[in-house]
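Dear colleague,

Please find below the structure that I am handing over to you. I would be grateful if you would look through it together with the notes that come after it.

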Amino acid sequence: MSTPDTDVEQVEAANAAFYEALEQGDFDGVSALWLTPADLGVDETYHDPADVGVVSCVHPGWPVLTGRGEVLRSYALIMASTDYIQFFLTDVHVSVTGDTALVNCTENILSGGPAPEDGEELGPLVGQLVVATNVFRRTSDGWKLWSHHASPVLTESDEADSPEDSESDENPS
C-alpha cells in the first residue's frame, strides 16, 4: 500500500524521468511516460488509440494538442529540431489526491541551436524561463503523464519603461 510520502516521491521521480528523457532525446522514454488507452482500461480494438484518454499538451506558444498521437508527434518534432536542451527545475510542488497528481514547476531551460555552417560546435545557447503544470495519473505501471502545460514567463520590461521612471523624468530632483 502506498503512503502520501511515497506517492509524492514516485511522482517526483516520474516528473524527473520525463525531463531526463527529453534532455537525452529519448523518444521511447518520453512515450513510455504518457498514458495509453490500456492505462485507462479502454479496449483499443474499439477506439482509436491516438484519441482515447484525451492526453493533452500545450508547449509555449503552441495551440493545445490532444490525443496521444498528436502529443507524441510534437515531442518527436521538438527532439528532431533541438541539438541540445537541459532543464533545471525549480519551485517544484507536488500534490497527490487519490490516483491523480499535480506537479507545478519552473523550467529553467538552456538550449542550443544548430551549429554554424562552418563549425562543428553548437550554435549559441539560449536560456528560457517557463512555468509548467504536469498532471499524472497512477497506473499499474506507475505514474504517467496525463497532461503537460507550459507557458513562458514574461520578463519585466526595462526600467526606463516603468511608470515610476516616467514620473521621475518629468519631475527631476
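The notes below cover the sheet, the helix that lies across it, the nonpolar core and two buried residues.

Please bear in mind that this is a predicted model.

To begin with the sheet, six strands form an open arrangement with mixed pairing, in the order β2-β1-β6-β5-β4-β3. Its edges are β2 (65–66) and β3 (84–97), each of which pairs on one side only. Within the sheet, strands β5 (residues 125–139) and β6 (residues 142–152) run antiparallel and are joined by 10 bridges. One residue pair can be named here: Arg138 has Trp143, in β6, as its bridge partner.

Helix α1, which spans residues 4–24, lies across four strands, namely β3, β4 (100–112), β5 and β6. The direction of α1 is at about 160 degrees to that of β3.

The largest nonpolar core comprises 29 residues, and those touching the most other members are Phe18, Val30, Trp34, Tyr75 and Phe136. Two or more residues come from each of α1, α3, β3, β4, β5 and β6. The greatest contribution is that of α1, with 6 residues. As a general remark, nonpolar side chains in soluble globular proteins tend to be buried together.

Two further residues deserve a separate note.

The first is Ser147, which is located in strand β6. Is Ser147 buried or exposed? Its relative accessible area is 18%, and the cut-off for burial is under 20%, so Ser147 is classed as buried. Beyond its neighbours within four places in sequence, Ser147 is in contact with Trp34, Ser56, Thr133, Asn134 and Val135. With Ser56, the side chain of Ser147 makes a polar contact of 2.8 Å. As for Asn134, its C-alpha atom is 5.7 Å from that of Ser147, although 13 residues separate the two along the chain.

The second is Gly69, a residue of helix α3 (residues 68–80). Gly69 has a relative accessibility of 17% and therefore counts as buried. Between Gly69 and Ser31 the C-alpha distance is 9.8 Å, while in sequence they are 38 residues apart.

With kind regards

Terms used. Residues numbered from 1 in each chain as written. Predicted model: local features only at pLDDT ≥ 70, side-chain atom pairs only at ≥ 80, totals over all residues. Heavy atoms only, no water. Pairing = 2+ DSSP bridges. Contact = heavy atoms within 4.5 Å. Axes fitted to C-alpha atoms, helices over the stretch in contact; angles between N-to-C directions. Buried < 20%, exposed > 50% of the residue type's maximum accessible area, 1.4 Å probe, protein only. Polar contact = N/O pair within 3.5 Å; in protein donor to acceptor, adjacent residues only side chain to side chain. Core = buried A, V, L, I, M, F, W, Y, C linked by side-chain atoms within 4.5 Å.
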